[in-house]
Structures are given as structure tokens and as C-alpha cells.
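The exercises below are meant to be worked through with the sequence and the 3D view side by side. Try each task before reading its solution.

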Amino acid sequence: MKKMIFSALALVVFGVSQAQEIKYGAKAGLNISNVSGDIENNKPLIGAHLGAFVEVKLTDKFAFQPELLFSMQGVKIDYSESAVDYSYSYKEDNKINYLNVPLMAKYFATEKLFLEAGPQIGFVLSAKSDIEETETFMGITDSFSGDVDIKDNLKSVDFGLNFGLGYEFTSQIFASARYNVGLTNINNASGSSADLKNGVVQFSFGYKF
């Protein structure tokens with residue numbers, strides 16, 4: 001991972017030094033996140049992202065775009081069972097807020113359509129689990145709901161790869177879709193060997209100043 005970080009920093013320095021044009025911008029949009037691996041009854045969690053970027057145009061076809069994004073990610077757990085005179089349901093919304101730094105290489109297939117790919121490093125800002133649990137037996141119901149801080153159960157740094165495409169409606173306004181593949185195990189819970197990885201689909205609208 002250290003080699004990845006140093007390579008990314010070298011790419012930033014090289015990109016700026018070779019720039020033909022530099023534009024600054026902001027972007028925001030929808031996250032559809034999940035966690036894969038040693039996990040059951042998981043479902044996507046809806047969130048959002050917001051941040052800024054710098055587009056460093058190297059040629060007419062290629063650009064380098066480092067970004068700084070606040071990203072709301074996580075996963076839902078939804079489980080239920082029922083039998084005669086018995087029912088049980090458990091819902092858990094694990095909400096993880098990251099500060100992500102994508103380093104994207106962009107290729108303009110046409111004047112307006114571009115493809116993009118690049119590494120990403122993410123830093124956990126906060127994490128909590130919203131829990132709702134209900135058990136009913138012979139007409140008697142017992143329930144629990146509350147928030148639990150789970151930041152200590154997560155590794156503070158996450159590495160991933162992004163792949164996406166986008167379309168520029170004007171020289172300033174664009175839309176893009178991107179998928180982030182988590183590369184590292186984010187689980188840091190004591191006594192747990194579960195291998196858990198992030199996965200996020202992002203839909204963004206952006207503006208170049």
C-alpha cells in the first residue's frame with residue numbers, strides 16, 4: 001500500500017508539471033453502497049457524496065483528476081423469521097462516513113464522453129450502527145432500538161480502485177457514474193476474522209469553474 005501511495009503522489013506531481021490546462025470544480029451525488037465478504041443478509045445502503053476536484057488536462061484526450069470527497073457509505077443488515085406464535089426481526093443500518101481521495105486518470109473517447117479509472121484511499125471519519133430488534137412470542141413483544149458507535153471496529157484507512165464513465169453536457173457541467181471496488185479488509189473488530197470489503201456505486205453531477 002505504501003508503494004501505491006508514493007506512486008499516486010508521484011503521479012500528482014508529474015500531472016501538474018505536464019498540465020496544458022487546469023480546472024477546479026465541485027461535485028455531488030448519490031451513493032449506493034454495500035459490504036461484501038463474510039457477511040449475511042446484507043443489503044445496499046443509500047447515501048451521498050460531496051466534494052471538490054482538480055482536472056489537470058495533459059492532452060486533448062487525457063486528463064488527471066485528483067478529488068477530495070466526503071462519502072456516506074455502509075451496509076444494511078435485514079433478517080427476519082417467523083413460526084407459529086413467534087416472530088423475530090433484526091435491522092441494522094451501518095453508516096460509515098469516509099473522507100476519500102480518488103486519483104483518477106480520464107480518457108476522452110469523444111469530445112464529451114470520457115472513461116476514468118484510478119486508485120482511492122479513504123479515511124474513516126465516523127461510524128455508527130442504527131439497530132432495531134423485535135421479538136414476539138405468544139403475543140408478548142420485546143423490542144430494542146438504539147445507536148452504537150462502531151468506529152473502533154473498522155480499520156481507519158481503506159484502499160480501493162475506481163472505474164467509471166461520464167458525459168460533459170457543456171464545458172462546465174457534467175455527469176458521471178463510478179464503481180469503487182474495495183481492496184482491503186475493513187474489519188478491525190476484536191476477536192473477529194471476517195473479511196469485509198467496501199463496494200460503492202456513485203452517480204455524480206459536477207461543475208467546473
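**Exercise 1.** How many nonpolar, polar and charged residues does the lining of the largest cavity have?

*Solution.* Keep in mind from the start that this is a predicted model.

Step 1. Begin with the search of the whole structure, which finds 1 cavity of 30 Å³ or more, and note that the volume of the largest cavity is about 30 Å³.

Step 2. List the residues that line the largest cavity, namely Lys27, Gln65, Glu67, Lys106, Phe114, Glu116, Phe174, Ser176 and Arg178.

Step 3. Sort this lining by class, which gives 2 nonpolar, 2 polar and 5 charged residues.

Step 4. Finally, ask where the lining comes from: S4, S6 and strand S9 (173–182) each contribute at least two residues, and S9 gives the most, with 3 residues.

**Exercise 2.** Describe the secondary structure and the overall extent of the protein.

*Solution.* Step 1. Count the elements, and the protein comes to 1 helix and 10 strands.

Step 2. Read these elements from the N terminus on, where the order is α-β-β-β-β-β-β-β-β-β-β.

Step 3. Turn to the extent of the C-alpha trace, which spans about 75 × 35 × 25 Å along its principal axes.

Step 4. Consider how the chain meets itself: among contacts between residues at least 6 apart in sequence, 65% join residues at least 24 apart. Of the 209 residues in the protein, 38% are buried.

**Exercise 3.** Which residues form the largest nonpolar core, and which strands each supply at least two of them?

*Solution.* Step 1. Collect the 11 residues of the largest nonpolar core, which are Val35, Val75, Ile96, Tyr98, Val124, Ala127, Ile150, Leu154, Ile186, Ala194 and Leu196.

Step 2. Assign them to elements, and it emerges that strand S5 (86–108) and strand S6 (113–137) each supply at least two residues of this core.

Step 3. Look apart from this core, where another core, of 5 residues, includes Phe53, Phe108, Phe114 and Phe174.

Step 4. Take one member of the largest core, Val124, as an example: if residues up to four places away in sequence are not counted, Val124 touches Ile96, Asn97, Tyr98, Lys151, Lys155 and Ser156.

**Exercise 4.** Is Ala63 buried or exposed?

*Solution.* Step 1. Locate Ala63, which has its place in strand S4 (residues 62–83).

Step 2. Compare its relative accessible area of 4% with the cut-off: Ala63 is buried, because buried means under 20%.

Step 3. Inspect its surroundings, leaving aside neighbours within four places in sequence, and find Ala63 in contact with Glu55, Val56, Lys57, Leu58, Met104, Ala105, Lys106 and Phe108.

Step 4. Follow the chain to Ile77, 14 residues from Ala63, where the C-alpha atoms of the two residues are separated by 39 Å.

**Exercise 5.** Which side chain does a polar contact of 2.4 Å join to that of Glu168?

*Solution.* Step 1. Find Glu168 in strand S8 (residues 157–168), and note that Glu168 counts as buried, at 9% relative accessibility.

Step 2. Identify the partner, which is Lys208, since the polar contact of 2.4 Å joins the side chains of Glu168 and Lys208.

Step 3. Widen the view to other residues that Glu168 touches, not counting those up to four places away in sequence, among them Glu55, Lys106, Phe108, Glu111, Lys112, Phe114, Ile173 and Phe174.

**Exercise 6.** Describe the volumes and linings of the largest and second largest pockets.

*Solution.* Step 1. Start with the largest pocket, which holds about 290 Å³ of space and is lined by 17 residues, with Asn94, Ile150, Leu154, Asn187 and Leu196 nearest its centre.

Step 2. Divide the lining of the largest pocket by class, into 11 nonpolar, 4 polar and 2 charged residues. The largest share of this lining, 3 residues, comes from S5.

Step 3. Move to the second largest pocket, which holds about 240 Å³ of space; of the 14 residues that line the second largest pocket, Lys57, Phe108, Glu111, Lys112 and Glu168 are the closest to its centre.

Step 4. Divide the lining of the second largest pocket in turn, into 1 nonpolar, 3 polar and 10 charged residues.

Conventions. Residues numbered from 1 in each chain as written. Predicted model: local features only at pLDDT ≥ 70, side-chain atom pairs only at ≥ 80, totals over all residues. Heavy atoms only, no water. Core = buried A, V, L, I, M, F, W, Y, C linked by side-chain atoms within 4.5 Å. Buried < 20%, exposed > 50% of the residue type's maximum accessible area, 1.4 Å probe, protein only. Helix = DSSP H or I, 4+ residues; strand = E, 2+ residues; numbered from the N terminus. Contact = heavy atoms within 4.5 Å. 1 Å grid on protein atoms, 1.4 Å probe; cavity = no way out; pocket = protein on both sides within 12 Å on 5 of 7 lines; lining within 4 Å. Points joined across faces, edges and corners; volume = space filled by probe spheres on them. Nonpolar A, V, L, I, M, F, W, Y, C, P; charged D, E, K, R; others polar. Polar contact = N/O pair within 3.5 Å; in protein donor to acceptor, adjacent residues only side chain to side chain.
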